[in-house]
Protein chains: 2
Amino acid sequence: MFNNRTKIKALLASAETGQEVIVMGWVRTFRNNQFIALNDGSTNHNLQVVIALGLVNDDTLKRLTTGTSIKVAGTVVPSLGKGQSVEVQATTLEILGDSDADKYPLQPKKHSLEFLREKAHLRFRTNTFGAIFRVRHALAFAVHQFFNSRGFVYLHTPIITASDAEGAGEMFRVTTLPMDGSAPKNDDGSINYGEDFFGKSTNLTVSGQLEGELGAMAFSDIYTFGPTFRAENSNTARHLAEFWMIEPEVAFNDLEDNMDLAEDFIQYLIKYVMDNNLEDLEFLDQRLAEEEKQKPQAERQEFGLLEKLRFVTDNKFERITYTEAIQILLDSPHYKKKKFKYDVSWGIDMQSEHERYLVEKHFKKPVIVTNYPAAIKAFYMRLNDGCEAGKQTVAAMDILAPGIGEIVGGSQREERLEKLEARMADMHIPAEEMSWYLDTRRFGSVPHAGFGLGFERMVLFVTGMTNIRDVIPFARTPKNCEF
Amino acid sequence: MFNNRTKIKALLASAETGQEVIVMGWVRTFRNNQFIALNDGSTNHNLQVVIALGLVNDDTLKRLTTGTSIKVAGTVVPSLGKGQSVEVQATTLEILGDSDADKYPLQPKKHSLEFLREKAHLRFRTNTFGAIFRVRHALAFAVHQFFNSRGFVYLHTPIITASDAEGAGEMFRVTTLPMDGSAPKNDDGSINYGEDFFGKSTNLTVSGQLEGELGAMAFSDIYTFGPTFRAENSNTARHLAEFWMIEPEVAFNDLEDNMDLAEDFIQYLIKYVMDNNLEDLEFLDQRLAEEEKQKPQAERQEFGLLEKLRFVTDNKFERITYTEAIQILLDSPHYKKKKFKYDVSWGIDMQSEHERYLVEKHFKKPVIVTNYPAAIKAFYMRLNDGCEAGKQTVAAMDILAPGIGEIVGGSQREERLEKLEARMADMHIPAEEMSWYLDTRRFGSVPHAGFGLGFERMVLFVTGMTNIRDVIPFARTPKNCEF
């Protein structure tokens, strides 16, 4: 029975001296044969455990190396050391598990993020990744709290799907058929997926939106929060093959409501973490500041991490139309000096350099861009009445964040059956396979809107990390599926 | 801008008369050309909207059929009808979307669950499925609230995995290689998965436990809540190919602590739903009672739904060893009368009929069975010191629930490197591929324990439904992957 242990976070927070406690955790450092910095993952702050001379024998002292797990019983006493108000004077110490100092990969020194990516099974034990994954937890909890408090229903949309109509990107096949060519075939030589597990060709989902809409047409307000997949061969610091996405979908919301919801949501998430994980954010703020110091002045970010987060919670997001965004780009000194790699004109799918210019140089805050050209957006987005720049637009919205780029993509959905069917026909989307989706427009259709927030991009934004592989426990990327 | 609507649940709860409101939703019924029962999914209780003679024209009246979506502005007034204290006297009514009464599949009558499974995209709009999926939401939120309040870190363990060591069942392959035999091959004719997306053979996860243990060795307390998969050709009311699982993993916990955690957790979930979704549970309680009435007396359940849930929250779970369980079965009149289909002896993997006998006939409450034979359990379970019935056992625990059978499976984990390696060798599990897992036993190993709760089985238990396809939005089963 171990459940009489006190967690280090609670112990340091209460700071009540004189109490007898049992603490367990992993040795971070041990100095002067006397002071153990003990960590149990509940906080980055280590508990100082003091061992009186003679409490344990020499053999045990030698085994107290970084990574060793121990159980300590002792008394909480005021601490004379800096950075902590209390410490534990050990009365007994038991080694639970050794950690051979010659073999343990995590030494009490700074390791590179690249090295730690290779050791993802151990990196949780470092200060940086301890803070990141506690923040990730807090963000996930805040997601549920936000929507629950507003009466949304959490809908688990399917992961395996036979639908490939969303067209959001390359998909992974899910199958139990043999791969060697012996899979059953149709008369025309194609694979007979009727013999596959689900009786049809199936993939991993790229989005829960279409199924989410089905829920919204009954519960009014739903959200999804689950894994989504892209089989894109993108080996960048911004892409994962497997990532988590949050997709609210709301009946009776128009584009305006959708923007309000997304902005409230993002601000709520950031405030929640600042209220509940300030220690972790302070650590990450300092980590980023040190990283920035290594860079040439010109490349440094304008804001520190906490400064940036406060700025986002304290200011309304800028809202502009796509047409206005293009005009800003065309009018920019950057454009006139031909500093953009990709050209700018009405109709382009803005590149990352364009989005970053708008957010980081022009507005210096999150920007919501609305009313994109219909030609570059998905079939389910609502066609706007009237035209901009003489062209058809849709009621889409993307939220662009400093340092990240697109963090939210959403739209009001096309609720008018005839317009939706016409658009699907234009885009060669087979209506017969999507009959269930069209049923929502046949029976009690309502205006509705929703968006997707890439969870890892949000974690990047809040932690100040720059590589998306560092904010998910075990990254899946091309040629990489370890652990 | 629609965000000035009042949700029906809030309106009925406040019951404040005299206020002007805007409500939107779907018509459930319309009678006497005067009374609309309006539902927006926030509650099963419909709002009565009263239309004065002449407010809308005859054409509009005819369009007010089941499933039609409307927007109503009006005044909240006391209701004379039964079952509600207030209703809305409409001042304006706008039809948002029609619902052709001849084509709409959901008529204002009772549909079979089988029929509604075929119409899973619309069944959310019925009372039964409205209640089920609000309860499912509440349970999911309660999961996060329970663990968050205890300082656990929510860990998103990977969905796509190259590890197949858990051996929990058949797996789905994830691939981007062609299926027709043209996939690249090795010299020996086998498929060269080095050319597949991840550079190796990959599958959908059957459990996040092993990765969860990595997290627990740093954060002490973690949990997962994500989709898991089994490619088993089981077409039963209890099996899904895709389902959600919750897996806490706790450093410093032994089997006893693990049982305490699981029992607290299950009781917390049930209490949460009883506190927050009593209306939905009352509806489901009544639904079940009506269903039971159709059965012969002998087959009826002993408890009503709410009665059963209260019984579980108010009573400690029974805790017995596997050896005791076998003895109870051997001593039972049922066994002596040869009523079990499968034989009973020490060493068997208990069948559903055995588990149900223990839970439903013998103890009449949830039962935790511990210390199973090592031979029928997974390699990572901790070997018990000493033997029972002269045989090796492991520190496993299964929780069996009335009407459901196994709802939780867990164990204390083998933290001793040598014993774990020996067990893996015995079971032909390749240690070199699992080096990352063994590292947790090499560096600061600690006693730890965890369990898995099948989320859909929990939803079945709490809603009183009997087919698992009815408690997940879109079921994935053999030959079935619709929507």
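1. A word on "buried" before we start, as several points below lean on it: a residue is called buried when its relative accessible area is under 20%. With that cut-off, A:E456 counts as buried because its relative accessibility is 1%. Please keep in mind throughout that this is a predicted model.

2. Staying with A:E456, where does this residue sit in chain A? It belongs to helix α14, which covers residues 455–463 of chain A. Setting aside neighbours within four places in sequence, the contacts of A:E456 are A:R136, A:L240, A:F243, A:W244, A:I468, A:V471 and A:I472. So a glutamate at 1% relative accessibility is buried here, and A:F243 and A:W244 are among the residues in contact with it.

3. Next, have a look at the barrel in chain A. Five strands close it in the order β1-β2-β3-β5-β4, and their pairing is mixed. On average, neighbouring strands of this sheet are turned by 55° against each other, with direction ignored. One of the pairings joins β4 (residues 69–78) to β5 (residues 86–97) in chain A; these two are antiparallel and share 10 bridges. To find the register on screen, start from A:P78, which stands opposite A:V86 in β5(A).

4. How are the two chains related? In general, two copies of a chain are related by a rotation about an axis and a shift along it. Here a turn of 180° with a shift of 0.0 Å along the axis lays chain B on chain A, with an RMSD of 0.0 Å. That is why the relation is that of a two-fold axis. Which residue of chain B comes closest to the rotation axis? It is B:G181, whose C-alpha lies 1.7 Å from the axis. The interface fits this picture: 100% of the interface residues of chain B are also interface residues in chain A, so the copies meet through the same surface.

5. Aromatic rings deserve a point of their own, with 59 aromatic pairs over all chains. One of them is A:F197 with B:F172, an edge-to-face pair with 4.8 Å from centre to centre and 85° between the planes. This pair crosses between chains: A:F197 is in the loop between β8 (173–175) and β9 (202–204) of chain A, while B:F172 is in the loop between β7 (160–161) and β8 (173–175) of chain B. Are these two rings buried or exposed? A:F197 counts as buried because its relative accessibility is 9%, and B:F172 is buried too, with a relative accessible area of 0%. Within chain B, B:F147 and B:F152 form a tilted pair, 4.9 Å centre to centre with 50° between the planes. Both B:F147 and B:F152 are buried.

6. Rings from chains A and B also come together in one aromatic cluster. Chain A gives A:F124, A:F129, A:F133, A:F474 and A:F483, and chain B gives B:F219, B:F379, B:Y380, B:W436 and B:Y437.

7. The loop between β7 and β8 of chain B also holds B:M171. Its contacts, not counting neighbours within four places in sequence, include A:T176 from chain A, along with B:N203, B:L204 and B:V206. B:M171 and B:V206 are 35 residues apart along the chain, with their C-alpha atoms separated by 7.2 Å. B:N203 lies in strand β9 (residues 202–204) of chain B and counts as buried because its relative accessibility is 11%. Among the residues that B:N203 touches are B:M171 and B:F172.

8. Strand β11 (residues 242–251) of chain B is mostly covered, with 10 of its 10 residues buried. B:E242, B:W244, B:I246, B:P248 and B:V250 point one way from β11(B), and B:F243, B:M245, B:E247, B:E249 and B:A251 point the other way. Strand β10 (residues 221–229) of chain B runs antiparallel to β11(B) and is joined to it by nine bridges, with B:F229 opposite B:E242. Strand β16 (residues 448–454) of chain B is also antiparallel to β11(B), through five bridges, and here B:M245 stands opposite B:G454.

9. Finally, an annotation to compare with the model. An unreviewed UniProt entry places a "coiled-coil region" at residues 274–301 of chain A. In the model this stretch is 68% helix and 0% strand, with its end C-alpha atoms 20 Å apart.

Conventions:
Residues numbered from 1 in each chain as written. Chains lettered and ligands numbered in written order. Predicted model: local features only at pLDDT ≥ 70, side-chain atom pairs only at ≥ 80, totals over all residues. Heavy atoms only, no water. Helix = DSSP H or I, 4+ residues; strand = E, 2+ residues; numbered from the N terminus. Buried < 20%, exposed > 50% of the residue type's maximum accessible area, 1.4 Å probe, protein only. Contact = heavy atoms within 4.5 Å. Pairing = 2+ DSSP bridges. Axes fitted to C-alpha atoms, helices over the stretch in contact; angles between N-to-C directions. Least-squares fit on C-alpha atoms with pLDDT ≥ 70 in both. UniProt positions renumbered as here; feature names shortened; annotations may be inferred. Phe/Tyr/Trp six-rings, centres within 6.5 Å; stacked < 30°, edge-to-face > 60°.
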